[in-house]
Every structure is written in structure tokens, then in C-alpha cells.
Amino acid sequence: MRTIEIFDTTLRDGEQSPGVNLSMNEKVEIALQLERLGVSRMEAGFAAASPGDLRSVAEVAKRVKNATVVSLARSVSGDIDKAYEALRDAQNPCIHVFLATSPIHREHKLNMSKEQVIERAVAAIKHAKKYVSNVQFSAEDAGRTELPYLAEVVRAAIAAGANVINLPDTVGYLTPQEYGNIFREMIIRVPETASIKLSCHCHDDLGMAVANSLAAIEAGVTQVEGTINGIGERAGNTSLEEVVMALETRKSFYQVETKWQLKEIARTSQLVSRLTGMIVPGNKAIVGANAYAHESGIHQDGVLKNSETYEIIRPETVGYKSNLLVLGKHSGRHAFKDKLAELGYHLETEQIDTAFQAFKVLCDKKKEVSDDDILALIDAKMADSEEMYQLDSIQLSYGNQSTPTASVRIIRADGETYEEAACGNGSVDSIYKAIDRAIGEDVTLIDYKIISVTHGKDALGEVYVRLQQGDEISQGRGLSTDVMEASAIAYVRAINKLIRARGEVLDAQPV
């Protein structure tokens, strides 16, 4: 069987989802989990987009050892230079250059002729080859490009030194038959494709991204691009876990395999969902909460007699299992460290100490602590490490016959403290008004939601907020058994992201 390489762009295309704004630590955490999952190549970001993106790509490049780390770049020398700057420390770096090729893009976006597009693409690939041996070229909107001209572009890109050619359905316009035919035509028209990797990249505007990717595999591609949970611009990208499990479940049909560690799928999906704030729908294939649930009496009867009657995938295959944690308030640090390793965390001594203290506090608040509780707790603690402001304390006065009042104490990274109080239309409103006064930022709350991490009256509550300031949108999340405290933490973190987006940094250790 031939092996299909998985190119994950969760950290680049996925982060382009409206309101998603991952911190450097969050990107590194996702990258390390993608590495455990078995992703062959991961696009860490668009280094030229901002200094923050460059730093994030550079940090991922330093930390990831077993996968190719990729940075996107437009077909201009400045972008390519920034990409290389970010990838200097990568074990196996790749620069990914792209340029639009369709008539509508050539005429209305680029104002370039066919010849000029090829000339620009060739120059960009050659410039990237000066830095790295591994260069990918994407013909943006290849799906709406004339096939004879697309063949010219592909031939010229290969001659210039591209190792991977990606032909994306950028706007999710094509049907599976049409998309698969593009690759069949390229293989026939450009024999040189036999010496490089052909890659597919599909968007889900018409709900066909996974089907189109599978059609491309049937047509001969050796690399599939997409994101975890299918997140991304507009309607999103190809959902990689769906493609991989389709190939695994129907291996006899597709006759291909991947190198994914399937048991890491659920954890990866949950991690991306928590850190991006993009909740996975219950009916989502492979990783949705209802994907392995059976309510119909006929279905229940069949599954009890033989699971294969209605289950083509066992939940254990993708990493779902009973998640009750044996650890409790009397557990020691060593047992806690072992549990973290089991869950996929390999932290430094200082990080383990901080996490263990937070775990002990949680044990005093909850009778039962689950793996999900631990995962959410660790993710929340890791998010604190690069924030300018942190919530120190909150006091709330509320009654259904009185005006809600909140007072907050905020600590800045340089140690300065701010205390403010405010009244509001409700508890959350009063908290947020007090925080606004303390920090002095003018923001608009555009989304607020609460999610239970686990079950029971003492369950951890996770709050997601989305804020807007001018044209910038950010999201923050907070975790606590007290949803008011979680609401305040989420709000402060979202403000921190807006501040980072402006490039403001304090030269002091966070508290």
C-alpha cells in the first residue's frame, strides 16, 4: 500500500477562523500534540504576517523534532526571507509559497498575465530553494484554472525546484469527480509529477471537502492537507480525522494508509476545540459527542448483541475511553506526574509543581476528578504564562431584588495592581465593567458561552468570550468550578490577546 502524508494546517489556515487568536504557547501545545498524532508535515503559520506569527513559527520549529515544520509565504522575496528566519532552527524546514492562477484571480486580484504569473512563481520557488531544499508550491484557486495553463504552471514550478505541488480547491467549488480529474490530467499532461509529491487542499463551502480529498487520493495524490475538526476560513477545511478514519475503515477499498496514531485523535480534537473556542458539534463525524451514541431501541438491541451491527468504528480506536481518574486529594506528586505523562504531557519540573498545586485546589472543590478535568486544568494554566494581565481576586454582590455589584483586583506582569468596582445589569455585566475600568481597555463583547467540562453539580465550567476592538477580534477562555470566576478569567485573557495583537509587551516575568 502507498502511504498518504498528512499536511496539517490547523495552526495557519485553522487559526484564520473568525475570532481564533492562539498564543505562542497554545500553538506550541497543539504542535506537540500533532507530532504525537503522527502528522507528517505541519504548517506552523504565516511568518511574514506579524512579528508574533514569526515568533510562534520559530518556537514551533525549535520544539518539533519528528515532523516537517512549514511556513507559508506569498511569492515575494520579503515573505520568503521571513519564513526562513522563522524556520532556521527546524530539524526539517519547508517553505510553502503560493500564487493564484485562475482567470478571476489573475485579472481582478493580481492584474497579471499568464506569463507574468509563471515568471513570479518560478522566481519565488528559486528564491526559497536558496534557503531550504524542501519547497512546496500552491497554485491558489487551481480548481478554477484552465487545465492546459495549470499544466504549464505545474511544469514550470517543478523545473524551478518545487518538491511538492499543491492544487487547492480554494473556494470549495468543485465536485469530487471534477477535483479528482484535475490530478489525473496533471499526471498525464506533466510526466514530471512522478518525481514530486502531489497534494490536495480543499475547503468546505459546499460541504464536499472530505469527499473531494478522498477523490484526489483515488486520483493519485500522495499528500492531503486540512485541519483538525475541519476548522478554517469561512466554512472551514478538510477535516483530517474524517479523511484518515475513512482511509483506515475502508482500507480494502482505498488501498492506502497513513502514519497516524489513531488513539490520539480524540485528545487532539478536544485540545484544538478548547484552545480555539470552536466547539465540536455533537453530530460531528469521528469526534462528535454523539458519534458513538445509540438512542434508537433497535440500534441499542443490535449493538448489545454485536457492536458491528451499527458501529463501523470502535470509540476506543480513536482514543475515547472511560475517563474517571483514580487520583484524588490524597494522591502524591509522583502519581500525578505519571498521569500527566499518560495524558501526553511532558512538562518541566517547575510546570509540574504549578500544575500539581492547581490539581490539589481542584480536589478540594470536586469529589471526582476526571481526565477531562486534568486536561482542561493544564491547558488553562499553560495559557497564563505570557499574559500581561491576570485576575487576582473577584468579589460579587448579587440578589434578585438588588443591583449586582462586582469588585476585581488585576495584577499586571510588572507587578502593578489595579482594583476597581462596578454595577451592572447582571453579575457578568458588573464583572466585565469592573475589569474594563481596571485595565482601561475599550472593548465590545460579541459572544459569550458556558460549557461544562464534565458532569455533576461540581463540574468545571469553561467560559468562552469573544471581544472586538476596532477591526481586531479575539477570544478568551476561563476555567473554574465557579462560572463567574471563569467568566472573569476568560474576559481578561481575551483582552490580553487584543493587547498582544497591537504588539505591546512588558519586559517583566508574568505573575
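**Exercise 1. Which backbone oxygen does the side chain of Thr-276 reach, and at what separation in Å?**

Before you start, keep in mind that this is a predicted model.

Solution, step by step:
- Place the residue: Thr-276 sits in helix H11.
- Look for its side-chain partner: the side chain gets to the backbone oxygen of Val-272, at 2.6 Å.
- Check its surroundings: leaving out residues up to four places away in sequence, Thr-276 touches Val-20, Leu-22, Ile-231 and Gln-475.
- Check the burial: the cut-off for buried is under 20% relative accessible area. Thr-276 has 1%, so it counts as buried.

**Exercise 2. Work out where helix H11 lies on the open sheet of three strands.**

Solution, step by step:
- Get the strand order: the open sheet goes E14-E15-E16, and the pairing is antiparallel.
- Find the edges: E14 (444–452) and E16 (472–480) each pair on one side only.
- Add the twist: ignoring direction, neighbouring strands here are turned by 15 degrees against each other on average.
- Zoom in on one pair: E14 and E15 (residues 461–469) run antiparallel and are joined by eight bridges. For Ile-450, the bridge partner in E15 is Val-463.
- Now drop in the helix: H11 (residues 265–276) lies across E15 and E16, at about 115 degrees to E16.

**Exercise 3. Describe the closed barrel, then pick out one strand pair and the helix that covers it.**

Solution, step by step:
- Trace the barrel: its eight strands run E2-E3-E4-E5-E6-E7-E8-E9, with parallel pairing. From one strand to the next, the twist averages 25 degrees.
- Take the pair E5 (residues 93–100) and E6 (residues 135–140): they pair in the parallel sense over six bridges.
- Find a facing residue: opposite Val-97 you'll see Phe-137 in E6.
- Add the helix: H5 (residues 114–129) lies across E5 and E6 and runs at about 170 degrees to E5.

**Exercise 4. Test whether the length of helix H14 agrees with 1.5 Å a residue, then list its buried residues.**

Solution, step by step:
- Set the expectation: H14 (residues 349–365) has 17 residues, so at 1.5 Å a residue it should span 24 Å.
- Compare with the model: the end C-alpha atoms are 25 Å apart, which agrees.
- List the buried residues: these are Ile-352, Ala-355, Phe-356, Ala-358, Phe-359, Leu-362 and Cys-363.
- Recall a bit of helix geometry: an α-helix has 3.6 residues a turn, so residues three or four places apart point the same way.

**Exercise 5. Lay out the domains.**

Solution, step by step:
- Read off the bounds: domain 1 covers 2–276, domain 2 covers 333–383 and domain 3 covers 386–502.
- Get the spacing: 35 Å separates the C-alpha centres of domain 1 and domain 2.

Note on methods. Residues are numbered from 1 along each chain as its sequence is written. This is a predicted model: local features need pLDDT of at least 70, side-chain atom pairs count only at pLDDT 80 or more; totals for chains, interfaces and linings use all residues. Side-chain values use heavy atoms; hydrogens and water are left out. Two strands pair if DSSP finds at least two bridges between them. Helices (H or I, at least four residues) and strands (E, at least two) are DSSP runs, numbered from the N terminus. Axes are lines fitted to C-alpha atoms, for helices over the stretch in contact, and angles run from 0 to 180 degrees between N-to-C directions. Contact means heavy atoms within 4.5 Å. The expected span of a helix is 1.5 Å times one less than its number of residues. Buried means under 20% relative accessible area, exposed over 50%, partly exposed in between (1.4 Å probe, protein chains only). Domain bounds come from an automatic or database domain assignment. A polar contact is a pair of N or O atoms within 3.5 Å; within protein, one must be able to donate a hydrogen and the other to accept it, and residues adjacent in sequence count only if both atoms are side-chain atoms.
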